[in-house]
Structures are given as structure tokens and as C-alpha cells.
Amino acid sequence: MTETVTILGLESSCDDTAAAVVRHSIKEPAKVLSSVVFDQNALHADFGGVVPEIAARAHAERLDICVEAALKGAGLKLDDVDAIAVTSGPGLIGGVLSGVMCAKGLAAGAGKPLISVNHLAGHALTPRMTDDTTFPYLMLLVSGGHCQFLIVHAADRFTRLGGTIDDAPGEAFDKTAKLLGLGNPGGPLVEKEAVIGDAKRFKLPRPLLDRAGCDMSFSGLKTALRRARDLIIDEKGGLTVQDRADLCAGFQTAVSDTLVEKTRRACLAFMDETGTPTPVLAVAGGVAANTEIRTGLQGLCASTGFTFLAPPLKYCTDNAAMIAWVGVEKYRTRDFSTMALAARPRWPLDQDAKPMLGSGKKGAKA
Ligand code: KG4
Ligand code: ZN
């Protein structure tokens, strides 16, 4: 199949309303013709987390504007695209429904095929769009809503090696920032404070390292941080700038150590299963922007013979180009949906893996 495929993608499973157009011809790198993301940070700022009802309403209000902007940015009309791809799960159900309804309307109105996309597959297949990565490869998703290791065997075949059993790392960064009176999103603010901090001052746990396998837990770490904070406040009546920096540095290093050690195990499991001579570790998600974590993972790759791959941040965090890309992969196998397509709050990529515990404030984790 040598045809050129152009797909419009829609994403609305959490707190970003996004639309994008991606074009792909065999033997050429994919082209992101446009990628528009309207974030909802301001709408949720007063609530300390994403409010599902507010998110769903904002998606419904903005999806059509977002689609228009994406088509205009690509210099195309709806009639010029080959199909409409949409995130139909997993995520916050109101937002997913808004996207699915909008995509159905566009597909029916323009007479185009409708393609159902798993949001996690969007993240997991991004390295194929940005770097033409060949199967199989190992993927680490680390964001505010997701945390899991996946072997990506094919566009529709994944093995989950492990993941968080409670908070996602980004969620833990955000809660830590809140505990220390920093703003939102917390990850970059904690990282900034940590620059002058002493990571060794507080003894924070490295959760689940004593347990075999790749599962992780981050909620106990946040509780340990709260205790350390409360002890200082009891002693001195408040936190100094240095106290806060030391807490941030200790927390960040604990997350980094945990992620790096669990990734080391995931690399071994990946080699056991695939035995590929050219192993690749790809990362996606906002937490992959953290320099200490990124440096730790790069060091691990250097020592284990893996190639480290981090797509540009704009395609690592929630966006619709990754959804359009899965649309390209599914278009090539004519994997289309009918108008009966339903929104799914939970939709694990690996149907055989045991269910993960917990569903965070940003929706289902697997
Ligand atoms: O992938 P993303 O944009 O959205 C979803 O969660 O789906 O990730 C956002 C998360 C937030 O929790 C944010 O605090 C975290 O990624 N984050 C970081 C950094 N930048 C963003 N965490 C640690 N260090 C950073 N530099
Ligand atoms: Zn995501």
C-alpha cells in the first residue's frame, strides 16, 4: 500500500481540547500539518485538580473551534482528509463523549470513515510518528494521569510489564507542590525549587523497590513528604526557603531513583521477551520533561545498550497529532468504526494484564 493518507485527529479525554492533521506517505517521515491544543488550566485552577463536569463542558464548547483551527492551519478543508480519528477512551467520560459525538458528526456530515483511537495507544505509538521507530520497542508513559511500561509489539498489540498501583508520578509531583504551597502544575515548580536543595537531608522511601517486578507506587512517598514537612513546621513554626528546596530535591530524587530502577527491570523483561538486537526505550508524558529523571533514564540506557528516545515535548504531552497518527496506522488496515462507537472510561491496551488499582483525578490509569 503506497497511498498518502491524511487524517484529522481529535483528543478530549482529560483537560486538553485538541485537534490535528497528520499526513503520511510510505517511506517518508510523517508530517504534522497542524496541531492545536487548547488547555483548560485556568478553568480548573481554583479547584486543585481537573473537575470532570467543567472539563466536559469546555470540550463541547471548543471542539469545533479547535477542528476549524487545525484544518485552517493545515491549509485543508474537511473534504480533503481521508478519515476522522478520535480518542474514544480511556479517560474522563464526559470529555471522551464530547469528542466521540463531534467526530461522529464530522464523519457523517463529510461522508468519511470514523476511526476509534485508544488514548494510551496514541502516546505509545508517538515514536513511530516522530522517529519512524520500528517494532518492538519499550515505552515508559509517565504523566499526571498515566504511569506504565509497555512492550509495543505492533500498532494493536501491547504487553504491559507494570505500572503504578496508585498515584501517577505527575500527580505525586502536583500534590507535593500543593503541600509545599507551590502552584500548579507542580512538576516544573518542584523541579525549580529542587535546584538548590539537598536531596539527602530527608530519608524518603523508594516504594516497592523491595518487591520484584515493575509495579510502582507513589502515594506513600507523598505521605512521607507530608510527615517530614509537618515535623519541621512543629519544630520551627514554618518552612524556610532551604527547607522547601531540600524537601523538593528529596522527593524528586526518590521518584527518579524509583523510576530508573523499575525501568532497569522493564528493560530486562523486554529483552527476555523480544531479544531484539537494537533495543529502544521511548518515553512520553509531562514527567519525562524532568531533567533529573531524564538524565537517570539516559544513564540507564547508556549502560544497558538501549537507545533512549524522547519525542519533542509537545508530542509527549496530551495532543491530537498522536491520535491522528494512530488513525494513519488504522487507516492502512481499514480498521474503521461504525456510528455505534461508544466512549469507554476504561480501556487497557493489554487486555490480558491484571487490572491496575486506582483511578486518578485525571481518569483511569490503564
Ligand atoms: O502528559 P501531561 O502534560 O498531561 C497528563 O497528565 O496527561 O503531564 C502533566 C504532568 C503534570 O502532573 C506535571 O506536574 C508533570 O507532568 N510535569 C512534570 C514536569 N513537567 C510537567 N513533572 C516533573 N518535572 C517536570 N519538569
Ligand atoms: Zn495522556
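**Exercise 1. Placing two histidines of the zinc site**

Determine which helix holds His119 and His123, and whether these residues are buried or exposed.

*Solution.*
Step 1. Helix H4 spans residues 119-131 and contains both His119 and His123, which are 4 residues apart, about one turn of the helix. The model under study is a predicted one.
Step 2. Buried residues have under 20% relative accessible area. His119 has a relative accessibility of 1% and therefore counts as buried.
Step 3. The relative accessible area of His123 is 1%, so His123 is buried.

**Exercise 2. The coordination of the zinc ion**

Identify the protein donors of the zinc ion (ligand 2), and classify the geometry of its site.

*Solution.*
Step 1. Four residues supply the protein donors: His119, His123 and His146 through NE2, and Asp318 through OD. Their distances from the zinc ion (ligand 2) are 2.1 to 2.5 Å.
Step 2. Along the chain, the donors follow the spacing H-x3-H-x22-H-x171-D.
Step 3. The angles among the 4 donor atoms run from 88 to 160 degrees. A tetrahedral assignment requires all angles to lie between 85 and 135 degrees. The site of the zinc ion (ligand 2) is classed as irregular.

**Exercise 3. The surroundings of ligand 1**

Describe the shell around ligand 1, its polar contacts, and how much of the ligand the protein buries.

*Solution.*
Step 1. There are 18 residues around ligand 1, of which Gly144, Asp174, Gly187, Glu191 and Gly286 come nearest.
Step 2. Oxygen atoms of ligand 1 are involved in contacts with two residues: a polar backbone atom of Gly170 at 3.1 Å, and a side-chain N or O atom of Asp318 at 3.2 Å. Asp318 is also among the donors of the zinc ion (ligand 2). A nitrogen atom of ligand 1 lies 3.1 Å from an N or O atom in the side chain of Asn290.
Step 3. Ligand 1 taken alone exposes 550 Å², and the protein buries 90% of that area.
Step 4. Two elements, H5 and helix H6 (186-194), each give two or more residues to the shell. H6 gives the most, with 4 residues.

**Exercise 4. An aromatic pair between helices**

State how many aromatic pairs the structure holds, and characterise the pair of Phe173 and Phe251.

*Solution.*
Step 1. The structure holds 4 aromatic pairs.
Step 2. The ring centres of Phe173 and Phe251 are 5.0 Å apart, and the planes stand at 90 degrees, so this pair is edge-to-face.
Step 3. Because Phe173 belongs to helix H5 (residues 169-179) and Phe251 to helix H8 (residues 241-274), the pair ties together parts 78 residues apart in sequence.
Step 4. Phe173 and Phe251 are both buried.

Technical notes
Residues are numbered from 1 along each chain as its sequence is written. Chains are lettered from A and ligands numbered from 1 in the order in which they are written. This is a predicted model: local features need pLDDT of at least 70, side-chain atom pairs count only at pLDDT 80 or more; totals for chains, interfaces and linings use all residues. Side-chain values use heavy atoms; hydrogens and water are left out. Donors are N, O and S atoms within 2.8 Å of the metal (3.2 Å for Na, K and Ca); water is not among the atoms, so sites may look incomplete. Four donors count as tetrahedral if all angles lie between 85 and 135 degrees; four count as square planar and six as octahedral if opposite donors are over 155 degrees apart and all others between 65 and 115; anything else is irregular. Buried means under 20% relative accessible area, exposed over 50%, partly exposed in between (1.4 Å probe, protein chains only). Rings of Phe, Tyr and Trp (its six-membered ring) pair if their centres lie within 6.5 Å; planes under 30 degrees apart count as stacked, over 60 as edge-to-face and the rest as tilted. A residue is near a molecule or strand if one of its heavy atoms lies within 4 Å of it. A polar contact is a pair of N or O atoms within 3.5 Å; within protein, one must be able to donate a hydrogen and the other to accept it, and residues adjacent in sequence count only if both atoms are side-chain atoms. Accessible areas come from the Shrake-Rupley method with a 1.4 Å probe; for residues, only the protein chains shown count as cover.
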